[in-house]
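Me: Got a structure here and want to talk through it. Can we go from the overall fold down to single residues?

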Amino acid sequence: MSAHDSLVRGLQEALAFRRGEIQGASVHHVRVPNDVDVAAIRARTGLSQGAFARSIGVPRATLLNWEQGRRRPTGPARVLLALIDRRPALVTELLG
């Protein structure tokens, strides 16, 4: 399993846990914001739109739609963006 697949699987499991679909050894409440400023998050990473889109596994057009407010990230994408917001180098650290 690639690092990307592992990260996506972990995010999916976190969301399933949050929805109560799976049980964990301990309960941790994770707050994922409803709205994320994708452009600001990307800017903090120092990556271009194309490079950032590739790093998180979405088409550049999707990233543009998020940044311009035409669409909003949902599910695992919102969780991943929230993590990157807290630690902008996360994707580079984990996926190189």
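Reply: What follows goes through the fold, the core, one pocket and a few residues.

Me: First, where does the model come from, experiment or prediction?
Reply: It is a predicted model.

Me: How many helices and strands are there?
Reply: The protein has six helices and zero strands. From the N terminus the order reads α-α-α-α-α-α.

Me: What share of the residues is buried?
Reply: Of the 96 residues in the protein, 28% are buried. The accessible surface is about 6500 Å², and carbon and sulfur atoms hold 51% of that.

Me: And the contacts, what part is long-range, say 24 or more positions apart?
Reply: Taking contacts with a separation of 6 or more, 55% are between residues 24 or more positions apart.

Me: OK, the core. How many residues are in the largest nonpolar one?
Reply: The largest nonpolar core has 16 residues. Phe-52, Ile-56, Trp-66, Leu-81 and Ile-84 have the most contacts inside it.

Me: Which elements feed it with two or more residues?
Reply: Helices H1 (3-18), H2 (38-45), H3 (49-56), H4 (60-67) and H5 (75-86) do. H5 gives the most, with four residues.

Me: Pick Ile-56. What is it in contact with, leaving aside neighbours within four places in sequence?
Reply: Ile-56 is in contact with His-4, Trp-66, Leu-80, Leu-81, Ile-84 and Val-91.

Me: Is H3 mostly covered or mostly open?
Reply: Mostly covered, with six of its eight residues buried. The buried ones are Gln-49, Gly-50, Phe-52, Ala-53, Ser-55 and Ile-56. Just after H3, Gly-57 has a positive phi of about 75°.

Me: Ser-55 is on that list. Why does it count as buried?
Reply: Because its relative accessible area is 19%, and buried means under 20%. Not counting residues up to four places away in sequence, Ser-55 touches Leu-47, Val-91 and Leu-95.

Me: Now Ile-41. Where is it, and is it buried or exposed?
Reply: Ile-41 is in helix H2 and is buried, at a relative accessible area of 1%. Apart from residues up to four places away in sequence, Ile-41 touches Val-36, Phe-52, Leu-81, Ile-84 and Asp-85.

Me: What about Ile-41 and Pro-88, how many Å apart are they in space?
Reply: C-alpha to C-alpha, Ile-41 and Pro-88 are 7.2 Å apart, with their positions 47 residues apart in sequence.

Me: And Asp-35, which part of the chain is that?
Reply: Asp-35 lies in the loop between H1 and H2. Asp-35 counts as exposed, since its relative accessibility is 58% and exposed means over 50%. Its C-alpha is separated from that of Ala-82 by 9.4 Å, and the two are 47 residues apart along the chain.

Me: Last topic, pockets. How much space is in the second largest one?
Reply: The second largest pocket holds about 200 Å³ of space. It is lined by 15 residues, and His-4, Val-8, Ile-56, Ala-77 and Leu-80 are the closest to its centre.

Me: Which elements give two or more residues to that lining?
Reply: H1, H3, H5 and helix H6 (90-95).

Me: How does the lining split by class?
Reply: The lining of the second largest pocket has twelve nonpolar residues, three polar ones and no charged ones.

Definitions and conventions
Residues are numbered from 1 along each chain as its sequence is written. This is a predicted model: local features need pLDDT of at least 70, side-chain atom pairs count only at pLDDT 80 or more; totals for chains, interfaces and linings use all residues. Side-chain values use heavy atoms; hydrogens and water are left out. A nonpolar core is a set of buried Ala, Val, Leu, Ile, Met, Phe, Trp, Tyr and Cys residues joined through side-chain atoms within 4.5 Å. Buried means under 20% relative accessible area, exposed over 50%, partly exposed in between (1.4 Å probe, protein chains only). Contact means heavy atoms within 4.5 Å. On a 1 Å grid over the protein atoms alone, a cavity is a set of points where a 1.4 Å probe fits but cannot get out, and a pocket is an open set with protein on both sides within 12 Å along at least five of seven lines; lining residues have an atom within 4 Å of a point. Grid points are joined across faces, edges and corners, and a volume is the space filled by probe spheres set on the points. Ala, Val, Leu, Ile, Met, Phe, Trp, Tyr, Cys and Pro count as nonpolar, Asp, Glu, Lys and Arg as charged, and the others, Gly among them, as polar. Accessible areas come from the Shrake-Rupley method with a 1.4 Å probe; for residues, only the protein chains shown count as cover.
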